[in-house]
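Here are a few notes to go with your first look at this one. Open the structure alongside and tick the points off as you read.

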Amino acid sequence: MLSTACQKKAVPAKGGNASTTTVAPDVVLAESGQALIHAGDSKAAILELDKAIEENPKNADAYYWRAVAKCYLSDNAGCCADYVQAEKLGHPSAKEMLEKNCK
């Protein structure tokens with residue numbers, strides 16, 4: 001089952017068949033990155049999240065989760081820069097994480 005984020009980004013497939021949907025590539029990559037973080041592989045997560053951001057530079061979730069991965073790897077400058085971008089793009093948790101991690 002798709003996560004809530006993927007469900008929100010699901011779009012009808014080409015051809016107009018309303019029963020068939022595809023998920024935007026950036027959403028799939030961001031979900032994969034998040035899963036890699038939860039699996040303990042922050043380096044691989046960053047690579048996936050970099051791809052998600054390349055696909056869609058306005059993907060707030062990708063910046064947010066890349067910040068999380070960078071924090072796990074003690075890249076504080078990168079972590080905080082990504083939280084700032086996630087907040088600018090409207091991620092609901094970014095401001096709290098900025099305050100917590102980037103003083």
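1. Start with the order of the elements: along the sequence the pattern runs α-β-β-α-α-α-α-α. That makes 6 helices and 2 strands in the protein. Do keep in mind that this is a predicted model.

2. Next, the overall numbers. The protein has 103 residues, and 36% of them are buried. About 6,300 Å² is exposed, with carbon and sulfur atoms supplying 53% of that area. As for contacts with a separation of 6 or more, 35% of them join residues 24 or more positions apart.

3. Have a look at helix 3, which covers residues 42-55. Its 14 residues reach 20 Å from the first C-alpha to the last, close to the 20 Å expected at 1.5 Å a residue. Which of its residues are buried? They are Ser 42, Ala 45, Ile 46, Glu 48, Leu 49, Ala 52 and Ile 53. Looking down the axis of helix 3, you'll find these buried residues within an arc of 165°, so they line one face of the helix.

4. Now turn helix 3 around. On the other side, Lys 43, Leu 47, Glu 54 and Glu 55 are exposed. And what covers the buried residues of helix 3? The cover includes helix 2 (25-38) and helix 4 (60-72).

5. Helix 5 (residues 76-88) gets a similar check. With 13 residues at 1.5 Å a residue, helix 5 should span 18 Å, and its end C-alpha atoms are indeed 18 Å apart. The buried residues here are Gly 78, Cys 79, Cys 80, Asp 82, Tyr 83 and Ala 86. They pack against helix 4 and helix 6 (94-101). After helix 5 comes Gly 90, and its phi is positive, near 95°.

6. Finally, the aromatic rings. How many aromatic pairs does the structure hold? There are 2. One of the pairs is Tyr 64 with Trp 65, in an edge-to-face arrangement: 5.2 Å centre to centre, with 85° between the planes. Both residues sit under the 20% cut-off for buried: Tyr 64 counts as buried because its relative accessibility is 10%, and Trp 65 counts as buried because its value is 17%. Ring pairs also bring in Tyr 83, linking Tyr 64, Trp 65 and Tyr 83 into a cluster. You met Tyr 83 above, among the buried residues of helix 5.

How values were computed. Residues numbered from 1 in each chain as written. Predicted model: local features only at pLDDT ≥ 70, side-chain atom pairs only at ≥ 80, totals over all residues. Heavy atoms only, no water. Helix = DSSP H or I, 4+ residues; strand = E, 2+ residues; numbered from the N terminus. Expected span 1.5 Å × (residues − 1). Buried < 20%, exposed > 50% of the residue type's maximum accessible area, 1.4 Å probe, protein only. Arc of directions from axis to C-beta. Contact = heavy atoms within 4.5 Å. Phe/Tyr/Trp six-rings, centres within 6.5 Å; stacked < 30°, edge-to-face > 60°. Areas by Shrake-Rupley, 256 points an atom, 1.4 Å probe, with all protein chains shown as cover.
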